[in-house]
Each structure stands twice: as structure tokens, then as C-alpha cells.
Amino acid sequence: MPQSASTPVDESAVPRRPAKPRKVPRVLILGGGTVGLYSARRLRKRLGRREAAIVVVDPRPYMTYAPFLPEAAAGSIDPRNVVAPHRRALKGVDVLQGKVTQIHHAERTVEITPEEGAPYWVTYDHLIVGLGSVARTLPIPGLAEQAIGFKNVEEAIAVRNHILNRIEVAASTWDPELRRRMLTFVFVGGGFAGVEALGELEDIARYTVNHYNQIEQDELRFVLVEGSPRILPEVSEELGGYTLEQLRKRKIEIHLSTFLNSCVDGHIVLSNNLEFDADTVVWTAGVKANPVLQQSDLPLDKMGRVTCNTSLQVVDAEGDVVADAYAAGDCAAVPDLYNPGGFCPPNAQHALRQGNHLGDNLARVLRSAEVTPYSHKNIGAVASLGMYKGVAQMFGRIKVRGFLAWVLHRTYHVFAMPTVNRKLRIMAGWTGSLLLRREVVPLGALHDPRAEFRAASVPPKPRVVEADEAKDAAVKEPAAKGASSSTKAKSAS
Ligand SMILES: Cc1cc2nc3c(=O)[nH]c(=O)nc-3n(C[C@H](O)[C@H](O)[C@H](O)COP(=O)(O)OP(=O)(O)OC[C@H]3O[C@@H](n4cnc5c(N)ncnc54)[C@H](O)[C@@H]3O)c2cc1C
């Protein structure tokens with residue numbers, strides 16, 4: 001597979017596309033997330049191995065179903081079950097583990113940087129870009145050092161373990177200021193991801209505190225900071241208002257039209273002049289297209305997304321199709337046929353369907369048939385706000401709240417979760433949690449598993465008794481030496 005290795009990379013080292021067309025065209029899929037996984041599976045279903053070779057590149061060996069991250073953080077779903085492993089889910093597809101670092105579509109080559117070893121180039125005939133998005137951050141003092149995102153399973157589990165660990169440590173800390181700081185949790189961003197993460201984590205924190213005699217529920221302080229005047233812009237104002245009311249009833253402090261100004265060393269300063277200390281800052285204030293696209297010759301819009309037409313083909317500023325290039329999902333600007341002039345929002349609902357549609361379209365192209373436009377009417381939004389709590393808006397008009405919305409959320413997402421294996425495991429996990437209650441053990445040591453071994457490898461200090469004996473001996477010895485020298489001095493005189 002590797003075509004050539006080059007470090008550092010210079011233009012002259014970019015391999016040219018093969019002079020002769022390959023016998024079996026190679027489809028290279030960048031990103032093995034929602035778009036990558038679904039488009040690869042659909043293509044493999046439509047085309048035999050003699051019709052197309054399919055290669056997926058991703059630094060992670062799995063696709064993450066992000067809508068379940070808040071539930072994974074709350075411990076309602078085993079983290080391993082919110083991901084679909086590529087090697088199992090992508091039968092008949094080659095998987096390369098590594099980061100795409102440059103795209104030279106004019107040459108039909110992509111540079112891949114593996115976890116170890118030198119970068120190398122891969123050539124292709126058709127390209128699918130499904131590189132997703134990254135957290136949209138701002139240059140806020142202390143943010144990079146203090147905050148954590150909530151975009152992948154590693155972050156979700158780290159946030160869970162951190163919050164449970166703060167509760168555990170606070171239970172044995174008597175300094176009131178330190179306790180307050182440990183038990184204050186700040187979430188920045190009141191969109192879907194932020195509100196769901198906050199709702200689930202506040203719920204599990206309160207449930208956990210029930211097991212501690214040393215901590216009162218009133219000591220837990222959850223704060224949501226949102227720059228706009230409302231939360232959950234994805235649902236109607238009425239349902240957003242209902243969610244706000246529910247969260248406030250749970251004593252979650254919500255600051256609307258407010259920005260985080262600074263969080264240096266955990267000292268939080270908000271734009272409404274409120275200041276306090278917190279050990280936990282979770283950043284969920286939106287996403288932006290994967291910045292690696294800036295290292296490509298693909299046409300991008302002002303927001304850094306690959307520009308596409310409705311058939312998911314990449315198009316330039318004039319709207320002309322860029323041959324052999326397709327894109328979808330969070331990293332693509334795909335016109336929304338149900339919202340003329342607008343683009344499909346960055347969500348799993350679109351990414352999943354666009355992935356399938358793209359697979360179908362490319363299969364048509366490879367069989368010399370016409371591509372078809374992608375259109376999907378948003379069926380609604382469902383959000384979980386903790387155990388048995390949720391909000392949902394279906395088909396624009398139907399608004400559901402509380403337990404029924406929570407059931408809808410679980411039902412919708414378990415069906416959308418890829419692979420039957422994962423669906424069954426998730427449902428089995430939910431049944432287990434209902435019967436045996438949720439697990440609240442903090443496994444903070446997971447994030448530094450070598451700490452204990454490192455400490456054990458340090459040569460032991462001498463025991464106190466041995467150290468005292470050694471001190472006595474050291475004192476006696478110079479005294480004896482002093483005695484002999486004074487004797488010598490005496491005899492000399
Ligand atoms: C916490 C959370 C909750 C959400 N809840 C919902 C919800 O309830 N409903 C909903 O519809 N949507 C939800 N979303 C949004 C949804 O998950 C995304 O819109 C969707 O996953 C986008 O799919 P994608 O394929 O474009 O990107 P992704 O699924 O993110 O896939 C991108 C892939 O690219 C890979 N990648 C990144 N950089 C590179 C590189 N340099 N080289 C190679 N590969 C790379 C990544 O590892 C990843 O596998 C949520 C998102 C989050 C974070």
C-alpha cells in the first residue's frame with residue numbers, strides 16, 4: 001500500500017498518479033467515523049472486490065457513535081459499546097491506521113502519518129472525505145491547560161472519572177474552599193452535546209453523592225455557560241425553555257448571554273463578572289471542520305468545509321464538479337434541499353444518511369450511471385438529560401418531555417448505532433444497570449496506570465530506625481577522628 005516515504009515532505013516528493021489506470025479502481029476514504037464507516041459498508045455491499053478496492057484511513061481503530069457519549073460518561077453504557085471496531089464492521093475493506101496529514105487531489109495522493117514511523121503516500125482513483133470536525137475553541141486564558149473537550153470516547157471517560165474522583169477526594173478533604181473548588185463543575189456551551197453531557201453527568205454525580213455520608217447534595221455546584229440567549233438551538237424555543245426550566249429545577253446554575261473570559265489555574269471569570277474556582281471545565285461550545293483540510297487542494301468555504309453539490313460531489317467556487325472527489329458529514333458544506341440556501345447541519349442524522357447515499361452514488365459512477373441528489377428532511381431531535389429524563393421534538397411539531405422522551409432517545413439511537421453486536425450489547429448493559437444499578441466507582445488511576453509501578457521502582461529510603469543509627473554512627477566517627485587528632489596534637493606538643 002505505501003507508495004513512498006518522505007520526511008520532511010516537499011512538493012517534489014509528492015508521488016504522481018499512476019500513468020496507467022489500475023485494473024481495480026481504488027476508493028480511498030479519509031476518516032472512519034460516521035460517514036467513513038457507512039459509505040465504506042454501502043460501497044462494499046454494492047460493489048464486488050473486482051469492481052473496487054476500498055481503503056479507510058483513520059488514527060483510531062473504531063468509529064465512535066457520539067450521540068451515546070453522554071450515556072457512556074454517565075455509566076449507563078459500557079464505553080467499549082459506543083464504538084464500532086473497524087476490523088469487525090468493515091469486512092472486505094482495507095483499514096490503515098494513521099492520520100491524514102496532506103491531500104493532493106490533483107495528484108490523487110494523500111500523505112498518511114502513522115502513529116510510529118515515517119509518513120508515507122497513498123494513491124487513489126476516487127476520494128471520499130469524511131474527516132469530521134474538531135472542537136471549536138477560542139483563545140481564552142487557561143482554556144488549553146484547564147479544560148477538556150467532549151468529542152470522543154477518551155474524553156467522555158476521562159470527564160466521568162475526573163468528576164467521580166473529585167467527589168471521592170472531596171469526601172476526605174476538610175478545607176471548605178478546596179472542597180468547594182473540587183465540587184464545582186463548569187460546562188461551556190449549551191448546544192446538544194453540552195446540555196446532554198451536563199444533564200447526564202449531573203445526574204450521575206448526584207446519584208454518586210447519595211453513597212457518601214461526608215458530602216451533602218447542596219455542595220455539588222454545576223454551572224452552564226452559554227453565549228447565546230437560549231440553550232438547545234436544535235429544538236423549538238418552547239422545548240429549549242422547558243429544558244432550561246428542568247435544569248434550573250435541578251439547581252443547575254445557567255448563565256445565558258455569558259462568555260467564559262478566563263480559567264487560569266481553575267479560577268473562572270465570566271463575562272457577567274462572576275468569579276469562582278472550579279477543578280472541572282468541560283468545553284462543548286461547538287465544532288469546526290477538521291483543520292487538516294487546510295493542508296489540501298480541495299475547495300473549501302469560509303468555514304473550512306469542503307464545498308459540495310447536492311449529490312455529495314466536491315465542487316469548486318463556480319459550482320463545477322471536481323472529478324473523483326466526494327465529501328459528507330461535519331467537514332462538508334452540503335446544500336440542504338429542505339432548507340433552500342442553507343446547508344445540512346453537522347449531525348449524525350445527516351452524516352449517517354449522507355454516508356449511505358455517497359456509497360450508492362459512487363457505486364453508480366463506477367457503473368457509469370447517473371448520481372442522485374441527497375435529500376433528507378430532519379426528523380427531529382432527541383436528547384437525554386439523565387436517567388428517565390429527556391426532551392424530544394419529532395417532525396417539527398410533536399414535542400415530548402420527560403420519561404417518554406428519554407425512551408424515544410434510547411430507542412432512536414440504539415437503532416442508529418452500527419452493528420447488531422453493539423445494539424445487543426448496549427441493550428444488555430441497560431438491562432443490567434436497571435437491575436443492578438449504575439456503577440459509580442471512580443477509576444481515575446486508568447489515566448496514569450504506570451504511577452504505582454513508577455513509585456515502586458524508586459529505591460526505598462532507609463527506614464527511620466536505620467536512618468537514626470546511621471546518623472549516630474556518623475556523629476561518633478568524626479568524634480573518634482577528632483579524639484585521635486587531638487591526641488596527636490597533644491603528643492606533638
Ligand atoms: C457529545 C456529542 C453528542 C452528539 N449527539 C448527537 C445527537 O444526539 N444527534 C445527532 O444527530 N448528532 C449528534 N452529534 C453529532 C454527530 O456525532 C456528528 O455530527 C457526526 O458524528 C459527524 O460524522 P462525521 O463522519 O462527519 O464525523 P465523525 O463521526 O466525527 O468521524 C470523523 C472521523 O475522522 C477521523 N479523523 C480525524 N482526523 C483525522 C485525520 N487527520 N486523518 C484520518 N482520520 C481522521 C476521526 O478519528 C473520526 O473517526 C453529537 C456529537 C457529540 C460530540
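1. Let's start with a single residue, Gln 102, in this predicted model. Is Gln 102 buried or exposed? The answer falls in between: Gln 102 is partly exposed, because 17 other C-beta atoms lie within 10 Å, while a residue needs 20 or more to be called buried. You will find Gln 102 in strand 7, which covers residues 99-104. For a sense of distance, pick Gly 149 as a second point: the two residues are 47 positions apart in sequence, and their C-alpha atoms are 25 Å apart in space.

2. Now compare that with Leu 183, which sits in the loop between helix 6 (176-182) and strand 13. Leu 183 counts as buried because it has 26 C-beta neighbours inside 10 Å, and the cut-off is 20 or more. Which residues does Leu 183 touch, if we ignore those within four places in sequence? The contacts are Arg 166, Ala 170, Glu 219, Leu 220 and Arg 221. Leu 220 is a nice one to look up on screen: it is 37 residues from Leu 183 along the chain, yet their C-alpha atoms are separated by 5.2 Å.

3. From Leu 183, move on to the strands that follow. Strand 13 (residues 184-188) runs parallel to strand 14, and five bridges join the two. Within this pairing, Val 186 has Val 223 of strand 14 as its bridge partner. How does the chain get from strand 13 to strand 14? The path goes through helix 7 (residues 192-209), giving a right-handed β-α-β crossover.

4. Strand 14 has a second parallel neighbour, strand 15 (residues 253-255), to which three bridges join it. Here Val 225 stands opposite His 255 of strand 15. The connection again passes through a helix, this time helix 8 (residues 237-249), and this β-α-β crossover is right-handed too. As for strand 14 itself, which spans residues 221-225, four of its five residues are buried, so the strand is mostly covered.

5. Next come some antiparallel strands, which are good practice for tracing hairpins. Strand 16 (residues 260-262) and strand 17 (residues 267-270) pair in the antiparallel sense over two bridges, with Leu 260 bridged to Leu 270. The hairpin they form has four residues between the strands, and Asp 265 in the turn has a positive phi of about 55°.

6. Strand 17 also takes part in another hairpin, with strand 18 (residues 275-277) as its antiparallel partner; three bridges join them. Val 269 stands opposite Glu 275 in strand 18. Which residue in the turn has a positive phi? Look for Asn 273, at about 75°, in a turn with four residues between the strands.

7. One further hairpin is worth a visit. Strand 25 (residues 380-384) pairs antiparallel with strand 26 (residues 390-394) over five bridges, and Ala 381 stands opposite Gln 393. Five residues lie between these strands, and Gly 386 in this hairpin takes a positive phi near 125°. Strand 25 is mostly covered, with four of its five residues buried.

8. Let's step back to the domains. The domain assignment gives domain 1 as 4-59 + 98-135 + 288-366 and domain 2 as 143-285 + 380-444. How far apart are the C-alpha centres of domain 1 and domain 2? The distance is 34 Å. Four residues of domain 1 are in contact with five residues of domain 2. On the domain 1 side of that contact, there are four nonpolar residues, no polar ones and no charged ones.

9. A record adds its own view: in an unreviewed entry, UniProt lists residues 26-355 as "domain: FAD/NAD(P)-binding". Over that stretch, the chain is 28% helix and 27% strand, and the C-alpha atoms at its ends are 18 Å apart.

10. Finally, the whole chain. There are 13 helices and 27 strands, and the C-alpha trace spans about 115 × 60 × 45 Å along its principal axes. Of the 493 residues, 40% count as buried. If you take the contacts with a separation of 6 or more, 68% are between residues 24 or more positions apart. The pair you met earlier, Leu 183 and Leu 220, has 37 residues of separation along the chain.

Definitions and conventions:
Residues are numbered from 1 along each chain as its sequence is written. This is a predicted model: local features need pLDDT of at least 70, side-chain atom pairs count only at pLDDT 80 or more; totals for chains, interfaces and linings use all residues. A residue is buried if 20 or more other C-beta atoms lie within 10 Å of its own, exposed if 12 or fewer, and partly exposed in between; C-beta atoms are placed from the backbone. Two strands pair if DSSP finds at least two bridges between them. A crossover is right-handed if, with the strands pointing away from the viewer, the path from the first strand over the helix to the second runs clockwise. UniProt positions are given in the numbering used here, feature names are shortened, and annotations may be inferred rather than shown by experiment. Domain bounds come from an automatic or database domain assignment. Two residues are in contact if their C-beta atoms, placed from the backbone, lie within 7 Å. Ala, Val, Leu, Ile, Met, Phe, Trp, Tyr, Cys and Pro count as nonpolar, Asp, Glu, Lys and Arg as charged, and the others, Gly among them, as polar.
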